[in-house]
Protein chains: 4
Amino acid sequence: MFGFRNGWRGVLDSTVERLDRRSTQGILLRGGTVLGTSRTNPISEPDGVARITETLEVHELDGLIVIGGEGTLSASRVLSEEHGVPIIGVPKTIDNDLGGTDFTIGFSTAVDVATDAVDRLHSTAESHNRIMVLELMGRHVGWIATYAGLAGGADAILVPERSFDINKVCRHLKRRHGMGRSFSIVVVAEGAVPAEGTMALPDYETDDFGRPVLGGIANIIGPEIERQTGFETRVTVLGHVQRGGRPNATDRVLGSSLGKAAMDHAAEGNWGIMVGQDGAHVTTASLGEATRELKTVPSEMFETARVFFG
Amino acid sequence: MFGFRNGWRGVLDSTVERLDRRSTQGILLRGGTVLGTSRTNPISEPDGVARITETLEVHELDGLIVIGGEGTLSASRVLSEEHGVPIIGVPKTIDNDLGGTDFTIGFSTAVDVATDAVDRLHSTAESHNRIMVLELMGRHVGWIATYAGLAGGADAILVPERSFDINKVCRHLKRRHGMGRSFSIVVVAEGAVPAEGTMALPDYETDDFGRPVLGGIANIIGPEIERQTGFETRVTVLGHVQRGGRPNATDRVLGSSLGKAAMDHAAEGNWGIMVGQDGAHVTTASLGEATRELKTVPSEMFETARVFFG
Amino acid sequence: MFGFRNGWRGVLDSTVERLDRRSTQGILLRGGTVLGTSRTNPISEPDGVARITETLEVHELDGLIVIGGEGTLSASRVLSEEHGVPIIGVPKTIDNDLGGTDFTIGFSTAVDVATDAVDRLHSTAESHNRIMVLELMGRHVGWIATYAGLAGGADAILVPERSFDINKVCRHLKRRHGMGRSFSIVVVAEGAVPAEGTMALPDYETDDFGRPVLGGIANIIGPEIERQTGFETRVTVLGHVQRGGRPNATDRVLGSSLGKAAMDHAAEGNWGIMVGQDGAHVTTASLGEATRELKTVPSEMFETARVFFG
Amino acid sequence: MFGFRNGWRGVLDSTVERLDRRSTQGILLRGGTVLGTSRTNPISEPDGVARITETLEVHELDGLIVIGGEGTLSASRVLSEEHGVPIIGVPKTIDNDLGGTDFTIGFSTAVDVATDAVDRLHSTAESHNRIMVLELMGRHVGWIATYAGLAGGADAILVPERSFDINKVCRHLKRRHGMGRSFSIVVVAEGAVPAEGTMALPDYETDDFGRPVLGGIANIIGPEIERQTGFETRVTVLGHVQRGGRPNATDRVLGSSLGKAAMDHAAEGNWGIMVGQDGAHVTTASLGEATRELKTVPSEMFETARVFFG
């Protein structure tokens with residue numbers, strides 16, 4: 001049982017390290033990754049596939065257990081389907097955008113952190129008519145914003161799944177304050193984008209989906225909300241605080257369960273799959289099912305409260 | 001939309017109170033129950049069914065949305081199936097012992113609290129060869145003990161699902177310490193029972209399942225472990241601390257989702273069901289499926305780590 | 001016993017509300033202020049002093065117990081010393097910049113929140129050579145940045161008490177990474193300013209102390225650190241998250257102790273003072289001692305670790 | 001700079017280990033003690049003083065920085081005053097019973113944990129007329145019970161400083177419930193004892209102070225409260241959960257400050273003292289002042305709320 005440092009980089013460089021009882025002691029409570037990561041895409045590296053195959057041969061490995069998010073597991077799918085590399089995937093990303101599993105490892109802890117921020121903003125209502133804008137992670141999907149926004153009772157939630165009309169948001173906030181509320185919280189996923197023609201935007205590039213890439217959407221809509229509503233508006237960008245810290249119990253149990261299941265499937269030679277969560281059970285999906293499309297927030301969640309705009 | 005105070009007691013007494021935006025403001029962060037509870041079983045009350053039917057008629061109610069655990073929903077099943085009372089159930093119990101849902105409302109928060117206790121015990125290893133026994137809730141099922149024990153890295157977990165042999169537990173603890181560990185944590189669900197003939201027990205009664213009812217199992221096995229291992233053993237009984245406090249994000253989102261779904265089903269006249277969680281989706285089951293048998297911890301979870309005894 | 005809504009605004013407007021067992025029930029766990037605040041300065045309001053005196057007469061009040069920070073208590077000092085208004089001050093501000101007390105109510109909770117953010121950033125070291133910049137509150141003093149930075153083990157802490165040289169900070173960070181560290185955290189108080197001539201700044205105004213008022217210092221130094229070090233740099237602005245949430249035990253005990261002491265002094269007619277903390281005891285100071293100058297972080301704290309620059 | 005494993009045991013056995021940047025990395029967030037402890041009293045060990053002196057000579061040490069509570073520092077006082085061993089004490093105990101410092105390292109974190117338990121009990125008021133008894137640490141002093149009880153709004157607090165009359169406590173609880181409260185919390189320090197003649201006690205021994213040593217006072221008064229009041233009473237014994245876990249920001253800053261100060265005093269040859277906290281400053285006291293008598297909770301704190309009995 002070996003580990004590769006820094007993700008695909010370690011596999012390409014064939015630098016293994018033994019994982020045993022001693023080297024993994026005490027990691028249960030540690031967030032982040034013990035093995036490190038890189039942003040290396042093995043498919044686009046020169047001789048990438050060949051080097052990976054060679055690494056497996058040199059170290060006489062049966063296959064790879066690959067732990068990661070959409071990018072990592074998509075590369076795994078190509079390696080598995082097109083090049084026959086024996087791989088079992090484990091879904092680990094705070095984004096929760098993978099198919100084939102109820103939730104991904106890390107998502108629940110990130111939601112806890114984000115919800116705590118919403119809770120704290122709720123009790124700072126010291127001055128009248130103030131708006132708090134909280135930017136949360138989620139470049140392509142609004143899972144964290146949706147869960148933390150619902151859990152924290154946000155008054156408006158903006159997600160990538162639905163382009164928003166800032167004018168509607170502002171009318172909603174003014175209506176709330178007109179009814180006597182002195183305080184509102186707007187939760188916005190970093191990847192939320194305005195509906196076309198609804199808002200003047202600073203210069204921007206577009207991403208693979210043709211949507212504007214707006215550095216710091218909260219810092220763009222904050223001043224606009226202040227302008228339209230006349231209410232003092234403050235911005236918090238929670239950033240990488242969401243990625244770190246001690247994992248919560250849910251994520252630790254999920255990590256242990258999926259890790260154990262991945263080991264069992266490897267022992268049985270059951271490659272080409274991703275292990276996933278189905279309630280209190282472990283399930284499996286093909287790497288294709290897991291990564292074919294981004295898992296977005298189900299539309300029924302947007303019906304839970306009248307705080308989603310788009 | 002009305003609420004009944006103190007569970008079935010309020011329905012039997014026909015004392016309603018209006019639930020509206022004003023009366024429910026600010027309850028999102030509050031644990032426990034805003035409406036109160038009682039231990040009233042409406043089936044065994046004199047004229048119970050008749051009085052419930054009358055309450056619905058007097059207040060011109062379409063039906064009841066019943067929020068509770070195994071006892072409450074079992075009574076609901078009888079009222080629904082045998083007496084035609086229109087009921088929709090919502091699964092809310094820290095015990096997580098209901099079918100028809102991934103998890104019940106309250107379970108995740110209770111696991112967080114219990115895991116925090118295990119984590120804290122982990123870092124008090126000040127003296128050599130000390131055993132910590134932590135008693136957690138779970139009279140009939142070991143869900144909290146299993147999740148908190150796995151999440152916290154307990155060295156032995158005892159659950160009602162598997163009667164335990166204290167001699168094996170002690171041998172395991174001695175082996176650990178013989179290998180250089182100076183500290184062990186034993187997590188025990190309050191309903192865990194020794195396998196027959198393995199341990200002398202104080203006087204006891206038996207429960208409906210014919211098992212000994214042992215007040216304070218931790219205080220029984222603690223001294224026995226100290227006696228057999230020779231290691232200083234300390235006991236913590238976490239008790240009702242597990243029931244309270246601010247619900248975590250998972251439970252708040254689950255409560256909002258299931259509450260919304262229950263309202264929708266009521267509006268459509270879809271009675272006789274329990275709403276439940278299926279990953280990020282809401283599902284439904286019949287009240288019979290939900291309550292026919294206690295949902296116990298799946299045996300695959302006991303394979304996750306070699307810390308379960310029985 | 002009456003309360004005034006929204007600080008001096010309520011006193012000026014003479015709108016009282018009775019504070020009794022019933023109206024104050026359940027506020028122990030609530031952060032923020034139950035009575036609301038305003039930014040009203042009673043001294044600069046037309047007829048401000050006269051209206052305050054009148055309010056006391058109309059409601060037959062013995063005096064005012066004024067709860068607040070530097071601005072509120074400075075106004076109290078003027079009202080007390082120059083106009084004979086009977087006032088007892090209670091130091092409540094997350095800034096901890098008042099004399100006459102060990103710490104002010106709210107500071108400890110704000111430090112907890114800020115430290116939690118530093119802790120979480122610590123475990124997100126997923127990529128090599130990344131710098132995290134965390135902006136914390138503290139416009140004129142660096143108490144929160146100093147305590148959270150020391151508690152969290154920040155690698156550089158920038159405070160208003162010492163103007164910093166960004167070039168030295170960057171050299172320090174490069175040296176760390178040259179020694180094998182792959183990750184650094186820079187904590188910066190919102191009021192920290194670059195030493196003159198050390199850094200090109202965007203257009204700015206100056207504050208009462210002649211220092212540049214820089215909106216978002218973290219967003220100014222973040223890119224500069226990235227430019228000088230070549231390391232990827234990410235910014236978190238924690239903002240009002242620091243002001244809110246359930247107060248910690250320290251702040252609750254301090255609030256109860258000082259509140260009780262203020263009542264006792266009022267009962268004895270001992271006006272013109274501020275109650276304060278001295279370890280586990282309550283002490284008193286004149287309102288002048290409390291507010292004459294901002295209490296800054298003692299220089300000995302800057303010697304605790306080699307992470308302060310200036 | 002060396003560390004001794006397991007307290008005085010390590011000094012007596014002369015087993016040192018080097019403490020440097022590498023061996024101390026990452027310990028900031030760890031509770032408990034990295035070096036281990038023992039219950040060895042060096043004074044009562046055969047040749048104890050001689051062996052300690054020899055250890056200092058063999059390793060050419062200037063002196064000892066001793067980190068601990070009342071027992072450890074009392075031994076240090078004897079070694080220092082009577083045998084001339086160069087010692088600087090650092091006050092570290094959750095009991096907060098040492099003089100010469102505002103608070104001891106560890107106390108604040110223990111209070112946080114205990115307060116969290118009180119908070120959680122507060123929201124479990126599911127049934128009418130229930131009493132929760134929470135036993136907290138504190139064998140000789142009631143610091144944790146007092147702080148957590150006041151912070152959590154306990155309805156009765158029993159501490160070693162004042163022997164209690166259980167009949168008065170029960171009358172108080174019945175009066176509360178008679179006024180409509182459905183729930184009460186009794187916080188009891190493990191060392192609280194009944195006033196003579198007020199309560200029948202199980203067999204017991206007496207401690208050095210001539211007071212009964214009652215194993216598990218909560219399990220003794222719980223049933224008595226249930227008997228006298230007729231209200232269902234539940235007991236939680238928090239135990240060693242209070243000792244562990246990640247230290248809070250206050251304790252980490254205090255630990256860093258006092259550690260730094262101890263080093264400075266050692267460098268200056270300033271032995272025979274204990275470093276301590278005075279607000280945000282570090283102070284010093286003689287080892288005699290620190291340990292001559294147990295620092296008990298000041299009587300003024302008992303006046304803060306009408307929940308103390310004795």
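## Exercises on salt bridges and contact surfaces

Arg9(B) has a relative accessibility of 26% and is therefore partly exposed; the classes are buried under 20% relative accessible area, exposed over 50% and partly exposed in between (1.4 Å probe, protein chains only). You're looking at a predicted model, where local features need pLDDT of at least 70, side-chain atom pairs count only at pLDDT 80 or more, and totals for chains, interfaces and linings use all residues. Residues are numbered from 1 along each chain as its sequence is written, chains are lettered from A and ligands numbered from 1 in the order in which they are written, and side-chain values use heavy atoms, leaving out hydrogens and water.

**A pair within one helix**

Task: Find out which residue forms a salt bridge with Arg9(B), and where the two lie.

Solution:
- Begin with the partner: Asp13(B) forms a salt bridge with Arg9(B), and their closest N and O atoms are 3.5 Å apart. That fits the rule (a side-chain nitrogen of Lys or Arg within 4 Å of a carboxyl oxygen of Asp or Glu).
- Next, place them: both Asp13(B) and Arg9(B) sit in helix 1 (residues 8-13) of chain B, four residues apart, or about one turn of the helix. Helices (H or I, at least four residues) and strands (E, at least two) are DSSP runs, numbered from the N terminus.
- Last, check the partner's accessibility: with 39%, Asp13(B) counts as partly exposed.

**Another pair in a helix**

Task: Are Arg227(C) and Glu224(C) buried or exposed?

Solution:
- Their side chains meet in a salt bridge at 2.8 Å, N to O.
- Arg227(C) and Glu224(C) are three residues apart in helix 7 (residues 217-229) of chain C, about one turn of the helix.
- Arg227(C) has a relative accessible area of 60%, so this residue is exposed. Glu224(C), at 17%, counts as buried.

**A network in chain A**

Task: Which residues do shared salt-bridge partners join into one network?

Solution:
- The network is made of Arg9(A), Asp13(A), Glu45(A) and Arg51(A).
- Zoom in on one link: Glu45(A) and Arg9(A) form a salt bridge, with the closest N and O atoms 3.4 Å apart.
- This pair links distant parts of the chain, 36 residues apart: Arg9(A) is in helix 1 (residues 8-13) of chain A, while Glu45(A) is in the loop between strand 2 (16-18) and helix 2 (48-58).
- Glu45(A), at 22% relative accessibility, is partly exposed, and so is Arg9(A), at 27%.
- For the wider picture, the count over all chains comes to 52 salt bridges.

**Two domains of chain A**

Task: Describe how domain 1 and domain 2 of chain A touch.

Solution:
- Get the bounds: domain 1 covers 2-105 + 248-291 and domain 2 covers 111-244, as set by an automatic or database domain assignment.
- Their centres, taken over C-alpha atoms, are 34 Å apart.
- Six residues of domain 1 and seven residues of domain 2 take part in the contact, meaning heavy atoms within 4.5 Å.
- Together the two domains bury about 660 Å², with 58% of it on carbon and sulfur atoms. Buried area is the accessible area (1.4 Å probe) that two parts lose on being put together, summed over both.
- Ile94(A), Asp95(A) and Asn96(A) supply 63% of the area that domain 1 buries against domain 2, more than any other three residues.
- Salt bridges between these domains number zero.

**Chain A against chain B**

Task: How many salt bridges are there between chain A and chain B, and which helix of chain A gives the most residues to this side?

Solution:
- 37 residues of chain A are in contact with 37 residues of chain B, and the chains bury about 2800 Å² between them.
- There are four salt bridges between chain A and chain B. Arg252(A) forms a salt bridge with Asp119(B), with the closest N and O atoms 2.7 Å apart.
- Helix 8 of chain A gives the most to this side, with seven residues.

**Chain B against chain D**

Task: What does the surface between chain B and chain D look like in numbers?

Solution:
- The buried area is about 2700 Å², of which carbon and sulfur atoms give 48%.
- The rule finds zero salt bridges across the interface of chain B and chain D.
- Helix 4 of chain B supplies the largest share of the side that touches chain D, five residues.
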